[in-house]
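I opened this entry to record what I looked up, one item at a time. The structure comes first, then my notes.

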Amino acid sequence: MDYKLKKYLIHSGLFIITFFTATVAGTWWINGKILFFTDYNWKDFELGMAYSIPFLLILTVHEFGHYFTAKYHKVKTTLPYYIPIPPFPMSIGTMGAIIRIKEHIKSTKIHFDIGISGPIAGFVIAVGALIYGYSTLPNLDYLFQIHPEYEQFGENYEDHVYTWEFQEQMTHKAYQEARAQDSINAVNDGEIDSWSFPEYQKQSEIPNISISKPLLMVFMESFVSDQKLVPNSREIMHYPVLMAGFLALLVTALNLLPIGQLDGGHVLYGMVGFHWHKRIATWFFLGFLLYAGMGYLTPYDGIDELMWNVPLYIGFLYITLRGLKKSQQETLMYALILFSVQFVVPMVIPVQGYSGWLFFGLILGRFIGIYHPPSVDEQALSLERKLLGWLALIIFIISFSPAPIIIG
């Protein structure tokens, strides 16, 4: 097979698979249906496309921003490789896309241009998607079709449905329906004499999925003429364009972290050079890990639990911090200091981090890397490029969610 044809087949094949997994994942976010696990048909797949099309469009524009900028500077690069992930519950269907630079970049200017072009291009499309999403918000009948149990409360549903009492009532109702259906199945199968069903157990806490909106979305919502149509943070996943825009902003913000060879790492390296990038990236990475694990383990946890989890967590921090390329003794020292602060501070100040970032910290420390490789030509950037660098910082601030998806 021709080499170029094989390459194109790989890129297009990954895109098709990613489109499929993102669409199926989108259906789950919208109405809770997922292929192979629930009743699922073509209409459900079409519904999921309302999420996958804007989401993948934003990711594609982001990556082609890098691609065309690299081509402009005559840097050899690949087309985007899309990364699908299985569309199980809570999956977003993709880990995004990447291009691979196939040669060493010689100057800070080119590093900067390639790094910043993707986030800005994707951000512009994400803003457009969010403007469309907020300007075409459906009436509450749309939400009531997804959650019929909300309709009895009308436009004041938020005051009622997020209470423990209501959630417990709905959980008990679901239990009764499942029990009745199971007994019917036992009758039909001739097993009613031996039929049994677990006793209902009340739950002290019923988890809910909540989306933490970034500053940009909060700002946009203030311009919606009918505030009753603005979805609650627990319902925004049912609005596919808004969910796609939210995730696109989150991906943009993560790419703009000033670490390693992330887009933000390229931007920071272009603005301050190798030595200052190394200092800033080190402290930012430590701060990121500190926040992520704050309150993850506390003195209030059971002693048996702490006996196992403390050494495992310190080991995790040690492995993650190896990305700082320090000696084994220094790395262990950093791990112990981080753990001590995370363990003790919540006793004095009621602060809680976001443990979901710990895995991302591991990816940064062990796979992406903390530091940026030096270039042969570290010429200073022009004023225009420096202004774009500050714009990238603003985009990061208004796009980042410290705790994006909360279950609880």
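**Pro299, a loop residue**

I began with Pro299, which is partly exposed at a relative accessible area of 31%. The model is a predicted one. I then asked where Pro299 is placed. I found Pro299 in the loop between helix H9 (263-293) and helix H10 (303-321).

Next I looked up its contacts. Leaving aside neighbours within four places in sequence, Pro299 is in contact with Leu306, Phe343 and Met347. I checked Met347 further. Pro299 and Met347 are 48 residues apart along the chain, and their C-alpha atoms are separated by 7.9 Å.

**The whole protein**

I stepped back to the overall figures. The protein has 408 residues, and 46% of them count as buried. I listed 13 helices and four strands. Taken along the principal axes, the C-alpha atoms fill a box of roughly 80 × 55 × 50 Å.

I looked at contacts with a separation of 6 or more. Residues 24 or more positions apart account for 73% of them. For the surface, I noted that about 21700 Å² is exposed. Carbon and sulfur atoms supply 64% of that area.

I also looked up the charges. The protein has 26 positive and 33 negative charges. Their mean positions are 20 Å apart.

**Helix H6**

I turned to helix H6, residues 164-188. What span should its 25 residues have at 1.5 Å a residue? The expected span is 36 Å, and the end C-alpha atoms are 36 Å apart, so the two agree.

I then looked for the buried residues of H6. They are Phe166, Gln167, Glu168, Tyr175, Ser183 and Ala186. The buried residues of H6 pack against helix H5 (158-161).

I picked out Gln176, which also lies in H6. Gln176 is partly exposed, with a relative accessible area of 43%. I paired Gln176 with Tyr200, 24 residues apart in sequence. The distance between these two in space is 8.8 Å, C-alpha to C-alpha. Past the helix I noted Gly190, which follows H6 and has a positive phi, near 70°.

**Helix H8**

I gave H8 the length check as well. Helix H8 covers residues 240-255, which is 16 residues. From first C-alpha to last, H8 reaches 22 Å, close to the 22 Å expected at 1.5 Å a residue.

Then I asked how many residues of H8 are buried. I found 15 of the 16 buried, so H8 is largely enclosed by the rest of the structure.

**Two positive phi values**

I searched the loops for backbone angles. Most residues other than glycine have a negative phi. Lys74 has a phi near 60°, a positive value in a residue other than glycine. Lys74 lies in the loop between helix H2 (42-72) and strand E1 (81-84). Is Lys74 buried or exposed? With a relative accessible area of 72%, Lys74 is exposed, because that is over the 50% cut-off.

Met90 has a positive phi too, near 75°, and is not a glycine. I located Met90 in the loop between E1 and E2. Met90 counts as partly exposed at 31% relative accessibility.

**Thr94 in strand E2**

I moved on to Thr94, found in strand E2 (residues 94-98). Thr94 counts as buried, because its relative accessibility of 2% is under the 20% cut-off.

Which backbone oxygen lies 2.8 Å from a polar atom of the Thr94 side chain? The oxygen belongs to Ile83. Ile83 is also among the residues that Thr94 touches, not counting residues up to four places away in sequence. The others in that list are Thr18, Phe55, Leu56, Leu59, Pro84 and Ile85.

**Ser401 in a loop**

My last lookup was Ser401. I placed Ser401 in the loop between helix H13 (383-399) and strand E4 (405-407). Ser401 is buried, with a relative accessible area of 1%.

Its side chain reaches the backbone oxygen of Ser212 at 2.9 Å. I then listed what Ser401 touches, not counting residues up to four places away in sequence. The list is Ser212, Lys213, Pro214, Phe246 and Trp357.

Conventions
Residues numbered from 1 in each chain as written. Heavy atoms only, no water. Expected span 1.5 Å × (residues − 1). Buried < 20%, exposed > 50% of the residue type's maximum accessible area, 1.4 Å probe, protein only. Contact = heavy atoms within 4.5 Å. Polar contact = N/O pair within 3.5 Å; in protein donor to acceptor, adjacent residues only side chain to side chain. Areas by Shrake-Rupley, 256 points an atom, 1.4 Å probe, with all protein chains shown as cover. Lys, Arg positive; Asp, Glu negative; His and termini not counted. Charge placed at Lys NZ, Arg CZ, Asp CG, Glu CD.
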